[in-house]
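Here is a short walk through one protein chain and its ligand. Keep the structure open as you read.

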Amino acid sequence: MTRTRVKICGFTRPDDAVAAARLGVDAVGLVFHPQSPRHVSVERAREIASALPAFVTAVGLFVDAQPKVIEQVLAQVPLGLLQFHGHEPPEACRRYGRPYIKAIRMAADVDLEREAARYHDSCGLLVDTWHPVAAGGTGERFDWARIPGDLPLPVILAGGLAPDNVAAAIRQVRPWAVDVSSGVESAKGIKDPARMAAFIREVRHGDST
Ligand SMILES: O=C(O)c1ccccc1NCC(=O)[C@H](O)[C@H](O)COP(=O)(O)O
């Protein structure tokens, strides 16, 4: 049985991230995007990332950030993976020599096979809902049928996932990983332990059915 990996994004408090790790989360997302309600300072991000146990990955999320900003974060926060959630071309994702995932927001004209070829050296495509204003963390889903079954990169499914739909999403898409923010929160940036536990439980349910 495949174990779908789980990333929970948008932590703002170390205790929430530690609770997520204890529940079995594989990756913890830290948002370095000042317009996001889940934005964290470098100092807070370092506290959160440093609190994680071995084998839980801290993911740094950027949206069209200046290289100087990313380099400052990299110098101070022990990140295991970079997530580019804006319009960064492949060369901008590669310039740090770090493993990265690229978010693709599913606007009507997106061709995922083409995007997989462009970002062929990424660790995966995070496929998320397109929104006219917000870059991510919308809590809205998209039509999962738009994801081809034979993409050559690991698919990280995001966008409006929650305990009540993640098992169905896994059964339909069979992604490498799922990613959630709004669906496990009690308020923006505040993760709810009961909802995180329910989400992980439903991921395992999806894996086994
Ligand atoms: O979470 C944010 O506030 C955010 C802001 C700007 C760009 C990306 C952002 N989050 C990225 C994520 O990886 C989210 O987990 C993903 O968009 C899914 O969010 P949700 O639909 O709320 O589960």
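The paragraphs below move from confidence to the ligand, then to two helices and a few single residues.

This is a predicted model. The mean pLDDT of the chain is 97. Of its residues, 100% reach 70 or more. The model as a whole scores ipTM 0.97 and pTM 0.96.

The UniProt record lists residues 6-201 as "domain: N-(5'phosphoribosyl) anthranilate isomerase (PRAI)". That entry is unreviewed. In the model, the span 6-201 is 30% helix and 21% strand. The C-alpha atoms at its two ends lie 11 Å apart.

Now find the ligand. There are 25 residues around it. Which of them come nearest? They are C9, G136, G137, S181 and S182. By class, the shell holds 14 polar residues, eight nonpolar ones and three charged ones. Two strands can be picked out here. β2, residues 27-31, supplies at least two residues of the shell, and so does β8, residues 177-180.

Next, turn to helix α1, which covers residues 14-23. Its buried residues are D16, A17 and A20. Look down the axis of α1: these buried residues fall within an arc of 100°, so they line one face of the helix. What covers them? The cover includes strands β1 (5-9), β2 and β10 (190-191). It also includes helices α2 (42-50) and α7 (193-207). Just after α1 comes G24, with a positive phi of about 110°.

One residue ties into this region from far along the chain. K191 sits in strand β10. Is K191 buried or exposed? A residue is buried if 20 or more other C-beta atoms lie within 10 Å of its own. K191 has 26 such neighbours, so it counts as buried. K191 and D16 are 175 residues apart along the chain, yet their C-alpha atoms are separated by 6.1 Å. D16 is also in contact with K191, as is A20. Both D16 and A20 are among the buried residues of α1. Leaving aside neighbours within four places in sequence, the other contacts of K191 are I8, F11, V184, E185 and M196.

Now move to helix α6, residues 166-173. Its buried residues are V166, A167, A169 and I170. Seen down the axis of α6, they fall within an arc of 160°, so these residues too line one face of their helix. They pack against β7, β8 and α7. Recall that α7 also helps to cover the buried residues of α1, and that β8 supplies residues to the ligand shell.

L161 lies ahead of this helix, in the loop between β7 (155-157) and α6. With 25 C-beta neighbours inside 10 Å, L161 counts as buried. Setting aside residues up to four places away in sequence, L161 touches V166 and A169. Both of these are buried residues of α6. L161 also touches V178, V180 and G183. F142 is 19 residues from L161 along the chain, and their C-alpha atoms are separated by 10.0 Å.

The backbone does something to notice at the other end of α6. Most residues other than glycine have a negative phi. R174, just after α6, takes a positive phi of about 50°. R174 is in the loop between α6 and β8. With 15 C-beta neighbours inside 10 Å, R174 counts as partly exposed.

Where else does a residue that is not a glycine have a positive phi of about 50°? Look at D64. D64 is found in the loop between β3 (57-62) and α3 (67-76). With 12 C-beta neighbours inside 10 Å, D64 counts as exposed.

Follow the chain from that loop into α3, where A75 is found. A75 has 8 C-beta neighbours inside 10 Å, so A75 counts as exposed. A75 and H33 are 42 residues apart in sequence. In space, their C-alpha atoms are 17 Å apart.

How values were computed:
Residues are numbered from 1 along each chain as its sequence is written. This is a predicted model: local features need pLDDT of at least 70, side-chain atom pairs count only at pLDDT 80 or more; totals for chains, interfaces and linings use all residues. pLDDT is the predictor's confidence in each residue, from 0 to 100. A residue is near a molecule or strand if its C-beta atom, placed from the backbone, lies within 6 Å of it. Helices (H or I, at least four residues) and strands (E, at least two) are DSSP runs, numbered from the N terminus. Ala, Val, Leu, Ile, Met, Phe, Trp, Tyr, Cys and Pro count as nonpolar, Asp, Glu, Lys and Arg as charged, and the others, Gly among them, as polar. The arc is that of the directions from the helix axis to the C-beta atoms. Two residues are in contact if their C-beta atoms, placed from the backbone, lie within 7 Å. UniProt positions are given in the numbering used here, feature names are shortened, and annotations may be inferred rather than shown by experiment.
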